[in-house]
Amino acid sequence: MQINLSVTAAAIAFLAAAPSMAKAQVNNIIIGQTSSTPNTSVVNMTITESEVLAAQKAWGDALVAISTTHDEKGKAAAKALAKKVIDQAYGYQFGAVLFKPTLTQTPQTFRTTREGALAYFVGGDPSFPNDNGFALKGWRKAEIRNAGVFIVGNVATTMGNVLITDNNGKVTTVDKTWKFVKDKNGKLRIVVHHSSLPHKN
């Protein structure tokens, strides 16, 4: 099989440069443009819905890229990619990220550190012995279906489902809540990530 380099490259490129994908999005942080008042600079940190949707898609594409890389190049390559994805998508530079993955258990249900997130995605960390790598399960497609998006200034919260398809065509549906914050460079960062399997009677 051939590595889907386009998926991997696209995911990393998007995560690294999402704010510059379109001029309209770049201008969501306006520095140096004049307002209606002459010689007045304007800074606008407001998040748009299109930026939120693009950040969600980038997360799904990155999950697929990690899984594909694992299948084609092995765990070391997948782990290296996962590190890049985490550093580009999440807000650990701000401090703790409130990350509750889908398949975790007490006493490690909640992950507030980068190490905890990496262990969940690719496993292999003796400090998290129950993690076997959620991102290594042969995922080939991720679709986000939002129930709602709530935006206030430079913070956006979403709630809905993520449908992930594996290499056998099986679809897993996950309930997902994300909170994004726009950083000083205009990039959306995940600071809350809560996942769970849908309740069944």
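Select Thr 165 to begin, and you will find yourself in strand E3 of a model that is predicted. Thr 165 has a relative accessible area of 17%, and because the cut-off for a buried residue is under 20%, it counts as buried. If you now display its surroundings, leaving aside residues up to four places away in sequence, you will see that Thr 165 touches Gly 138, Trp 139, Arg 140, Lys 141, Lys 170 and Val 171.

**The whole chain**

Before going further, zoom out and colour the chain by secondary structure, which comes to five helices and five strands. Following the chain from the N terminus on, you meet these elements in the order α-α-α-α-β-α-β-β-β-β. Of the 201 residues in the chain, 42% are buried. If you consider the contacts between residues at least 6 apart in sequence, 52% of them join residues at least 24 apart.

**Helices H3 and H4**

Next, select residues 49–73, which form helix H3, together with residues 75–89, which form helix H4; their axes come within 7 Å and cross at roughly 160 degrees. Since an angle over 145 degrees counts as roughly antiparallel, H3 is roughly antiparallel to H4. The crossing of H3 past H4 is right-handed.

To see where the two helices meet, show the side chains of Ala 62, Ala 65, Ile 66, Thr 69, His 70 and Lys 73 in H3, which are in contact with Lys 75, Ala 77, Ala 78, Leu 81, Ala 82 and Val 85 in H4. The residues of this contact between H3 and H4 divide into eight nonpolar, two polar and two charged. While looking along a helix, it helps to remember that an α-helix has 3.6 residues a turn, so residues three or four places apart point the same way.

**Helix H5 and its neighbours**

Now keep H4 on screen and add helix H5, residues 114–122, which is mostly covered, with seven of its nine residues buried. Which residues of H5 are buried? They are Gly 116, Ala 117, Leu 118, Ala 119, Tyr 120, Phe 121 and Val 122, and when you show what surrounds them, you will find that they pack against H3, H4 and strand E1 (98–100). Just after H5 comes Gly 123, whose phi is positive, near 70 degrees.

With H4 and H5 both visible, compare their directions: the axes come within 10 Å and cross at roughly 135 degrees, which means that H4 is oblique to H5. This crossing, too, is right-handed. On the H4 side the contact is made by Lys 75, Ala 78, Lys 79, Ala 82, Lys 83, Ile 86 and Asp 87, while on the H5 side it is made by Arg 114, Ala 117, Leu 118, Phe 121 and Val 122. The residues of this contact divide into seven nonpolar, no polar and five charged.

**The nonpolar core**

In soluble globular proteins, nonpolar side chains tend to be buried together. To look at the largest nonpolar core here, which has 35 residues, select Trp 59, Ile 66, Tyr 90 and Phe 121, the members that touch the most other members. The elements that give two or more residues to this core are H3, H4, H5, strand E3 (155–166), strand E4 (171–182) and strand E5 (188–196), and the largest share, seven residues, comes from H3.

Stay with Phe 121 for a moment and show its contacts, again without residues up to four places away in sequence: Phe 121 touches Trp 59, Ile 86, Tyr 90, Phe 99, Gly 133, Phe 134, Ala 135 and Leu 136.

**Three stops in the loops**

Select Tyr 92 next, in the loop between H4 and E1. Is Tyr 92 buried or exposed? With a relative accessible area of 16%, Tyr 92 is buried. Beyond the residues up to four places away in sequence, Tyr 92 touches Ile 86, Val 97, Phe 99, Thr 112, Thr 113, Arg 114 and Ala 117. If you draw a distance between the C-alpha atoms of Tyr 92 and Thr 112, which are 20 residues apart along the chain, you should find 8.6 Å.

Move on to Pro 107, in the loop between E1 and H5, and look at the peptide bond that joins Thr 106 and Pro 107, which is cis, with omega about 10 degrees.

Finish at Pro 129, in the loop between H5 and strand E2 (139–152). At 62% relative accessibility, Pro 129 counts as exposed, and its C-alpha atom lies 9.8 Å from that of Gln 108, although the two are 21 residues apart in sequence.

Notes: Residues are numbered from 1 along each chain as its sequence is written. This is a predicted model: local features need pLDDT of at least 70, side-chain atom pairs count only at pLDDT 80 or more; totals for chains, interfaces and linings use all residues. Side-chain values use heavy atoms; hydrogens and water are left out. Axes are lines fitted to C-alpha atoms, for helices over the stretch in contact, and angles run from 0 to 180 degrees between N-to-C directions. Helices (H or I, at least four residues) and strands (E, at least two) are DSSP runs, numbered from the N terminus. Angles under 35 degrees count as roughly parallel, over 145 as roughly antiparallel, 65 to 115 as roughly perpendicular and the rest as oblique. A crossing is left-handed if the near helix is turned anticlockwise from the far one by less than a right angle, and right-handed if clockwise. Contact means heavy atoms within 4.5 Å. Ala, Val, Leu, Ile, Met, Phe, Trp, Tyr, Cys and Pro count as nonpolar, Asp, Glu, Lys and Arg as charged, and the others, Gly among them, as polar. Buried means under 20% relative accessible area, exposed over 50%, partly exposed in between (1.4 Å probe, protein chains only). A nonpolar core is a set of buried Ala, Val, Leu, Ile, Met, Phe, Trp, Tyr and Cys residues joined through side-chain atoms within 4.5 Å.
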